[in-house]
Amino acid sequence: MTVDDSGSGTGTPPDPEKPEGEGDEQDAADPLALRLEQLILGAERRYTPFQAARSAGVSMELASRFWRAMGFADIGQARALTEADVLALRRLAGLVEAGLLSEAMAVQVARSTGQTTARLAEWQIDSFLEGLTEPPEPGMTRTEVTYPLIELLLPELEEFLVYVWRRQLAAATGRVVQAGDDEEMVDRRLAVGFADLVGFTRLTRRMEEEELGELVEAFETTAADLVAAHGGRLIKTLGDEVLFAADDAGTAGEIALRLIETMSNDETMPELRVGMAFGTVTTRMGDVFGTTVNLASRLTSIAPKDNVLVDGAFAEELIRTTEAPASEAEAAAAAEKAEEQGEEPPSYRFALQPMWQRPVRGLGVVEPWTLTRRT
């Protein structure tokens, strides 16, 4: 919420209990939209941005930074804020004053929360509430359905959101605690993969928008389910592409091959290609950055359809952890040695096949490896 701070000079703001010109913004607003807003927020509009900042004991400059980070629209000095807005400002500022967060970190918290929940809210309206609020009987309007439906759903969705957030926070905290040192908490060694639908641009020219939307949703849903089920983390979706990460190369390899196998068995889906790399990754606000991520993206762009390409570091990690042999000759030698000693031969999950060396823009010459399931 980028706000006008022209009211930040000396003088006392109007009493929020009896604000001057109260109702001007409310009169201009759509009655149903206003009722829904009050239902969802649990409070009526009472404050201008300046009054909210003043009531929270926060400077107008800091309040503007917080609102901007949360993604709120510019409302000038309209009376559109509630007690909840004041409380949110007070809490964020309190964390800074107590020394628990720096001001920059508090802004990051506001931004990451705002971006994540904005996307969630848009999805819930577009794909969830829009369908549920279709009038069930002829003659009924969507207006007559929406308010009571949201009134029933709101507390349940709120409880579920908090539950999922706590679960995810517990998992993320566990990963941080297990990190070897402070640097590893931010710059960690991870396996990173991109899965990309082949020929998606051509599909966009042939398919109707609704069909295309259904295809993308099916792809994202399938990918998200497979990544989660096999121990990875879905970082983000990009329409025809998903980015995922895993703590070890074996987990990432299993996810990649499952994606290929699942999509190839679905006649409605295009072919898929996957590129993966292993190495140091910088994590920020739930996203991943760095050379390892760039390399995985480049490998995806050159991977043949229905194939998985990995970089040399990924292949070395699989060999080190005995998830794959360095070569079939080595696998045969290990099996022969185990037989001579009366032991079980090594059981490898994956097979690696080196490909031609080739230059990759911005990353020099790389030698990709094809990853397959070993039978």
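Student: Which residues of helix α4 (residues 60–70) are buried?

Tutor: In this predicted model, the buried residues of α4 are Met60, Leu62, Ala63, Ser64, Phe66, Trp67 and Ala69. As a general idea, an α-helix has 3.6 residues a turn, so residues three or four places apart point the same way. Here, Met60, Ala63, Phe66 and Ala69 are among the residues of α4 that are buried. Just after α4, glycine 71 adopts a positive phi of about 85°.

Student: How should one read a nonpolar core, and which residues touch the most other members of the largest one?

Tutor: In soluble globular proteins, nonpolar side chains tend to be buried together. In this structure, the largest nonpolar core has 38 residues, and those touching the most other members are Leu272, Val274, Met276, Val308 and Phe314. Helix α11 (residues 249–264) supplies the largest share of this core, eight residues. A second, separate core has 20 residues, including Phe66, Ala69, Val86 and Leu89. Two of these, Phe66 and Ala69, belong to helix α4 and are buried there.

Student: What is valine 308 in contact with, leaving aside its neighbours within four places in sequence?

Tutor: Valine 308 contacts Ala256, Leu257 and Ile260, as well as Val274 and Met276. Its other contacts of this kind are Trp369, Thr370 and Leu371.

Student: Where does strand pairing enter this picture?

Tutor: Strand β6 (residues 308–310) runs antiparallel to strand β10 (residues 369–373), and three bridges join them. Valine 310 has tryptophan 369 of β10 as its bridge partner. Strand β10 is also joined by five bridges to strand β7 (residues 350–354), again in an antiparallel arrangement. In that pairing, glutamine 353 stands opposite threonine 370.

Student: Which residue in the loop between α12 (291–302) and β6 deserves attention, and how is its backbone to be read?

Tutor: That residue is aspartate 306. Aspartate 306 has a positive phi of about 60°, although it is not a glycine. Its relative accessible area is 31%, and therefore it is classed as partly exposed, the range between the 20% and 50% cut-offs.

Student: Is threonine 322 buried or exposed, and where is it found?

Tutor: Threonine 322 counts as exposed because its relative accessibility is 52%, which is over the 50% cut-off. Threonine 322 lies in the loop between α13 (312–320) and α14 (328–340). Although not a glycine, threonine 322 also has a positive phi, of about 55°.

Terms used
Residues numbered from 1 in each chain as written. Predicted model: local features only at pLDDT ≥ 70, side-chain atom pairs only at ≥ 80, totals over all residues. Heavy atoms only, no water. Pairing = 2+ DSSP bridges. Helix = DSSP H or I, 4+ residues; strand = E, 2+ residues; numbered from the N terminus. Core = buried A, V, L, I, M, F, W, Y, C linked by side-chain atoms within 4.5 Å. Buried < 20%, exposed > 50% of the residue type's maximum accessible area, 1.4 Å probe, protein only. Contact = heavy atoms within 4.5 Å.
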